[in-house]
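This report introduces a predicted model to a reader who has not met it before. The sequence and structure are shown first.

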Amino acid sequence: MKAMVLDQQEDIGRSPLSFREVPDPVPREGEVLVRVRCCACCRTDLHVIEGDLPPHKRPVIVGHQVVGVVEQLGPGCRALNVGQRIGIAWLRKTCQKCEFCRSGRENLCERPLFTGYDADGGYAELALVDENYAYSIPDAFDDVHASPLLCAGIIGYRSLKRSNLPSGGRLAMYGFGSSAHIVLQIALARGSEVYVATRGESHRKLAREMGATWVGENAQEMPQKAHSGIMFAPAGQLVPAALAQLEKGGTLAMAGIYMSPIPALDYEADLFYEKCLQSVTANTRDDGRELLAEAASISLEPHVTRYDLPDANRALQDLKEDRVNGTAVLVF
């Protein structure tokens, strides 16, 4: 099969992904072989490629927002069928034995595996997935528009849950990339007001067009304080300002797998009055199923920019430089 392969972590500006022929993967017990139709690009892919996350596998095929069709069943597979359209996401496998897995918190598993990090992912013509960790894709979405939901959507959805947004409340979002533009649509459908602070003019334009109540570059200019906030930008220096824009009792959820250092916080100025700072770690499979169902029910439509598989380096360069509105999707 053809794939974009990462041999060594380095800056995406050097185009470290190599387009080449590699052996076809073979499904093991409980796995299915998937013919990939498309794979959305994620900022986590950048963190894996550039070394913000320590290397787990070399070489590795990144990508964890995969939509494809089951081509072959491995030994013991019973849940899926050949020809079935499925999605592959970041959470690849959990132990199902630790206290977190047994208490419904598999996103905190002691021994998790992740797609495109611990095992090869979706920047390739073929991919493997444990059939118990695959997602059924609603008919409401075509392949390209379904792919961003498998990480940007799922993590955004969990971040929204962790932000404790009250019914009809005001939600502030910092950064307006792939995940944020999906959460905006969910929050609006639930009757909330959404305030967006982001540095990119094209991103601000998209947020306005999608119905945000307020859009600006400086969070301090928000006309009202928010009941909840989500930090999508991996910029720790923004956290104090985001906390300052919360109402008493508000929650700021940190959506990223990576965050630059957060400045020292002042207890009285930043956290008093029962303000809460919540991290977000991966997702449970229930998060994914709930997100896909709700997205289909509200006719959610991700904004996408298509790239061919050999152009993956360019797609990720555009993502890093904020030249992508919505989500970059590699198509096959």
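The text below treats the nonpolar cores, one buried glutamine and one pair of helices.

In this predicted model, the largest nonpolar core comprises 48 residues. Leu17, Val32, Ile61, Ile86, Tyr123, Leu316 and Leu330 are those with the most contacts inside it. Among the elements that give two or more residues to this core are strand 1 (2-6), helix 1 (43-50), helix 10 (312-320) and strand 17 (327-331). Strand 3 supplies the largest share, 5 residues. Apart from this core lies another, of 41 residues, which includes Ile154, Ala180, Ala295 and Val329.

Leu330 also illustrates the surroundings of a core residue: leaving aside neighbours within four places in sequence, Leu330 is in contact with residues including Arg37, Cys38, Tyr123, Tyr307 and Ala315.

Gln278 belongs to strand 15 (residues 276-279). With a relative accessible area of 18%, Gln278 counts as buried, because the cut-off is under 20%. The side chains of Gln278 and Arg162 are joined by a polar contact of 2.7 Å. Beyond neighbours within four places in sequence, Gln278 is in contact with Arg162, Asn164, Thr251, Leu252, Ala253 and Met254.

Helix 4 and helix 9 have axes that come within 9 Å and cross at roughly 100 degrees, so helix 4 is roughly perpendicular to helix 9. The table lists the residues that make this contact.

| Helix | Residues in the contact |
|---|---|
| Helix 4 | Gly153, Ile154, Tyr157, Arg158, Lys161 |
| Helix 9 | Asp287, Gly288, Glu290, Leu291, Glu294 |

These residues divide into 3 nonpolar, 2 polar and 5 charged.

Methods:
Residues are numbered from 1 along each chain as its sequence is written. This is a predicted model: local features need pLDDT of at least 70, side-chain atom pairs count only at pLDDT 80 or more; totals for chains, interfaces and linings use all residues. Side-chain values use heavy atoms; hydrogens and water are left out. A nonpolar core is a set of buried Ala, Val, Leu, Ile, Met, Phe, Trp, Tyr and Cys residues joined through side-chain atoms within 4.5 Å. Buried means under 20% relative accessible area, exposed over 50%, partly exposed in between (1.4 Å probe, protein chains only). Helices (H or I, at least four residues) and strands (E, at least two) are DSSP runs, numbered from the N terminus. Contact means heavy atoms within 4.5 Å. A polar contact is a pair of N or O atoms within 3.5 Å; within protein, one must be able to donate a hydrogen and the other to accept it, and residues adjacent in sequence count only if both atoms are side-chain atoms. Axes are lines fitted to C-alpha atoms, for helices over the stretch in contact, and angles run from 0 to 180 degrees between N-to-C directions. Angles under 35 degrees count as roughly parallel, over 145 as roughly antiparallel, 65 to 115 as roughly perpendicular and the rest as oblique. Ala, Val, Leu, Ile, Met, Phe, Trp, Tyr, Cys and Pro count as nonpolar, Asp, Glu, Lys and Arg as charged, and the others, Gly among them, as polar.
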